[in-house]
2 protein chains.
Amino acid sequence: MRASGELPRSLTDLGRAYRERTLSPVEVVETLLTRIEAGDKVLNAFIVVTGERALEEAENAEREILAGRYRGPLHGIPVGLKDLIYTEGVRTTMGSAFFEDFVPDYSATVATRLLEAGSILLGKTNTHEFAYGPTGDRSRFGPTRNPHDAARISGGSSGGSAAAVAADLIYASLGSDTGGSVRIPAALCGIVGMKPTFGRVSKKGVFPLSWTLDHVGPLTRTVEDNALVLNSLAGHDPGDPYSAKRPAEDFARDLRRGVRGGVIGVPRDFYFEHVGREVAERLGEVIEVFRSSGAGMREVEIPHLWETLKAQRLTLAADAYAVHEERLRSEPERFDAEVRERLMDGERLKAYRYANAQQRKLGANDEFGRALEGVDVLLTPTVPITATLVDQREVDIEGYEESVRSAVTRLTGPTNLTGFPSLSIPCGSTASGLPVGVQLIGRTFDEATLYRFAHAYEMAAAADLTG
Amino acid sequence: MRASGELPRSLTDLGRAYRERTLSPVEVVETLLTRIEAGDKVLNAFIVVTGERALEEAENAEREILAGRYRGPLHGIPVGLKDLIYTEGVRTTMGSAFFEDFVPDYSATVATRLLEAGSILLGKTNTHEFAYGPTGDRSRFGPTRNPHDAARISGGSSGGSAAAVAADLIYASLGSDTGGSVRIPAALCGIVGMKPTFGRVSKKGVFPLSWTLDHVGPLTRTVEDNALVLNSLAGHDPGDPYSAKRPAEDFARDLRRGVRGGVIGVPRDFYFEHVGREVAERLGEVIEVFRSSGAGMREVEIPHLWETLKAQRLTLAADAYAVHEERLRSEPERFDAEVRERLMDGERLKAYRYANAQQRKLGANDEFGRALEGVDVLLTPTVPITATLVDQREVDIEGYEESVRSAVTRLTGPTNLTGFPSLSIPCGSTASGLPVGVQLIGRTFDEATLYRFAHAYEMAAAADLTG
């Protein structure tokens, strides 16, 4: 067996090594726990590390695999869960003082499904307090830092989930995404992050931020890995009133079909406005890679996107206040000051504007649906900038002054309102080594096409680099 | 052919008379136009009477039927449409000064479907201004009066639709129901009124009051008639984002199956609280009639109904303000003063309470679903009182003081939030001759069972009277 430090990059390859018995789950978990011990002091990606439990689970997995009882591609794979996903018997804090000592008595459906697929929980990952912030630097447990530059943010709110995967501390993690909270840290940390279609993945046992905007999705280093994790998560859950009655499916089924003859829609207005120069350059390269892979490009129009974004933001602010109303009244001082201030902004909003926002949602569904007629996916930047500094709150984007919070959520928020599936994949780095992400948006319940396009890009880009 | 004044009571019988050629559509329309001319001066059920057009349509229907091109049970049947249902080329006022001279350039899907089924439009029926009131006595065109006592309200907001059917001026009408606006006037006027499952009937071209609470449904004199009209209305409409993707079905299919062995759930708490003595007595008789028809009775619990009602009322107030915001800002004086005041009450409501109301909706769906487990339908009063006087605003219900508006919508509102189908059928009158209604609530998309129970009651009650 190989020495530690030489673990395969993808969970797909790790699973192969398990089956070929060149690596064992116990050995892998030990290696990763050592890495976490050393590396997470700086990153602060974990709130809780479940080392002892992980080693037990690794032993079980090892026994099962050796006995030929192979559960599937996640068997023996070390994973992390954003610390607002309930885990029975394991502390779940929401990154907050309120739940600092909270130990749930049941597990979220997604946690149970991952476990049943054979994965091994290495720990609970850091989150912006109550997931209410896209920077990942306001948590009771301190900021999560970017593996590519520790002075910078991981992005958030699923910052720990992204940083831990990007830093090779785990193979996959789950995050939640209400305005971009999976896709933003995936982009800023240089990994793959999926916000599936609304209703595709159960939210039972996932602490809410906004009932109608929250989505749970996987973060991984490769596209195939991401599809395999989503395979284990998807499917109807009667315990979640928002869960869609859709059968399970294999999201990796089309990965190798390629994109020749496919068409990518490029919505220039809104999505390519106020985008940093280096981000725009990477996007241009992505488009070229897709072209040389045989995909066509078409400019598409999606009207009213600013209004759609505003409706998403209003819904979020009102829902978040509703979720935290009692805590804000009884113990406001226990919130992080910045998070509290933002939550309080939701108090004064008017109900009729919320009603209008729900109408905008219907309009936006229609508009995204039309934009996707005749194209396979839409391509946009995930985030208009690269990772900013920890605690930085304003940013200048080629002369456009904007709050960091607004900048990083601006291009992800619209599909939280519509529920359309949206996938962020890494597309290289800037000169200073900071990752850039590209977002693919697909038709409702058509995650498989997103993965197909993403995989084709990933393969072609890798060939470019090695060729 | 028969002399005018001797028309059959039900559209089913009228259709039979057409096929047997003992009556002709032209003759029937002429008779009804004469009745309207005479009787509607007092009732004020119509805003627009489309006499000329109706006679033309009647001639067409007569020709088609004589030629053997029989379209079905609605062919040649005179109907009315609440005057917020768009009719191409026919004035549609919403009972308001704003739309006094408005002539739509397209017809609502329901209007088109009724027309295609062969029905004849006799006119547009009076509505509480913008459908925002359950009394039917605030309309630009004056109050609609109750056919059983002209000093009293028809109920609303579909007051004209109910009064015209109850007074034998038309055979069927359509109303809209956001908090009870079909069922309340049906109950107070002594006819059958259906609020179908949310999404069952298209709302395209129906002026909104609340996007998420509005339902369109038929008012008729008999249960079978009601099912036949719903047959013509139901079915998916891509033009309405709330329209459910459900196939057409025959709602009259089970009418004669009876209720022997069936079970009726009786939710005593909330639904039987603060109900007038004579209404309660009629309800007791209904229960006896069902028992002797072979149905079992079971007490059921539906928790949180007051909270569910409050959530429905908050959603309604916020949505209604959103719909009318521009008009309230620019020309407030054109509203009826009472309607304006009520609309303005929606302005101050908070968005987070709207968000909470949407959560209550999910809870209520669950609670109604559980209450219906093991029973076929729920039975409640439709309205706790009989028709109050025109302009009366407070009522004393056995010592319980309540606004008329709250009293009459209290028992119908909850299923506007949940979207469960709810049918009001007449169940006799008080000593002073005022009608009482009973409400049957069914499972989502199970209107057929409601009609089956209602028809069994109707038959048994008629047999009691004649036996």
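This section describes how the two domains of chain A meet in a predicted model.

Chain A was assigned two domains. Domain 1 covers residues 11–233, and domain 2 covers residues 263–466. Taken over C-alpha atoms, the centres of domain 1 and domain 2 of chain A lie 22 Å apart.

Contact between the two was counted by residue. Domain 1 of chain A contributes 54 residues, which are in contact with 62 residues of domain 2 of chain A. Together the two domains of chain A bury about 4900 Å² between them. Carbon and sulfur atoms account for 63% of that area.

Polar and charged pairs also span the interface. Between domain 1 and domain 2 of chain A, 33 residue pairs are in polar contact, with both residues at pLDDT 80 or more. The salt-bridge rule finds 5 salt bridges across the interface of these domains. A:R138 and A:E338 form a salt bridge. Their closest N and O atoms are 3.5 Å apart.

On the side of domain 1 of chain A that touches domain 2 of chain A, six elements give two or more residues each. The strands are β4 (145–146), β5 (149–153), β7 (192–195) and β8 (215–220) of chain A. The helices are α6 (183–189) and α7 (223–233) of chain A. The largest share, 5 residues, comes from α6(A). By class, this side of domain 1 of chain A holds 27 nonpolar residues, 16 polar residues and 11 charged residues.

Technical notes
Residues numbered from 1 in each chain as written. Chains lettered and ligands numbered in written order. Predicted model: local features only at pLDDT ≥ 70, side-chain atom pairs only at ≥ 80, totals over all residues. Heavy atoms only, no water. Domains from an automatic or database assignment. Contact = heavy atoms within 4.5 Å. Buried area = accessible area lost by both parts, 1.4 Å probe. Salt bridge = Lys/Arg side-chain N within 4 Å of Asp/Glu carboxyl O. Polar contact = N/O pair within 3.5 Å; in protein donor to acceptor, adjacent residues only side chain to side chain. Helix = DSSP H or I, 4+ residues; strand = E, 2+ residues; numbered from the N terminus. Nonpolar A, V, L, I, M, F, W, Y, C, P; charged D, E, K, R; others polar.
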